[in-house]
Amino acid sequence: MLKAKANCCEECAMGLGFSAYIPCNKPAVNIVGWKGRDDTPIRMCFACTDHNVRNRGGEIIRPYEAETT
């Protein structure tokens, strides 16, 4: 399974459906979780945050602070 780059969006790139998982990989701005689900909250870019909050019951847990290495 592919993984998102460090400090980047972990949400599946939009438009792929369920056929494959390819991470969005745009710079992450928020940690997003989902109301009533046990899924682990993940890093998301602005567009993925907006889509998940508006359409998928997502909620912003907190702003994402980039990890430094």
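Which pattern does the protein follow when read along the sequence? The protein follows the pattern β-β-α-β, with 1 helix and 3 strands in total, where helices (H or I, at least four residues) and strands (E, at least two) are DSSP runs numbered from the N terminus. This is a predicted model, in which local features need pLDDT of at least 70 and side-chain atom pairs count only at pLDDT 80 or more, while totals for chains, interfaces and linings use all residues. Residues are numbered from 1 along each chain as its sequence is written, and side-chain values use heavy atoms, with hydrogens and water left out.

Of the 69 residues of the protein, 30% count as buried, a word that here means under 20% relative accessible area, as against over 50% for exposed and in between for partly exposed (1.4 Å probe, protein chains only).

Strand 1 is a good place to begin. It spans residues 30-34, and 5 of its 5 residues are buried. In a regular strand the side chains alternate between the two faces of the sheet. Here Asn-30, Val-32 and Trp-34 point one way, whereas Ile-31 and Gly-33 point the other way.

Strand 1 pairs with strand 2 (residues 42-44) in the antiparallel sense over 3 bridges, pairing being counted if DSSP finds at least two bridges between two strands. Strand 1 also runs antiparallel to strand 3 (residues 58-63), to which 5 bridges join it. Val-32 takes part in both pairings, since its bridge partner in strand 2 is Ile-42 and it stands opposite Ile-60 in strand 3.

Val-32 and Ile-42 belong to the largest nonpolar core, whose 8 residues also include Trp-34, Met-44 and the cysteines Cys-9, Cys-24, Cys-45 and Cys-48; such a core is a set of buried Ala, Val, Leu, Ile, Met, Phe, Trp, Tyr and Cys residues joined through side-chain atoms within 4.5 Å. Strand 1 and strand 2 each supply at least two residues of this core.

Among the cysteines of the core, Cys-45 counts as buried because its relative accessibility is 3%, and Cys-24 counts as buried because its relative accessibility is 18%. Leaving aside neighbours within four places in sequence, Cys-45 is in contact (heavy atoms within 4.5 Å) with residues including Cys-9, Cys-24 and Pro-27.

How many disulfides does the count come to? The count comes to 0, a disulfide being a pair of cysteine sulfur atoms within 2.5 Å. The sulfur of Cys-24 has its closest cysteine sulfur in Cys-45, 3.8 Å away and so too far for a bond. The sulfur of Cys-45, in turn, is 3.7 Å from the closest cysteine sulfur, that of Cys-48, which is therefore also too far for a bond.
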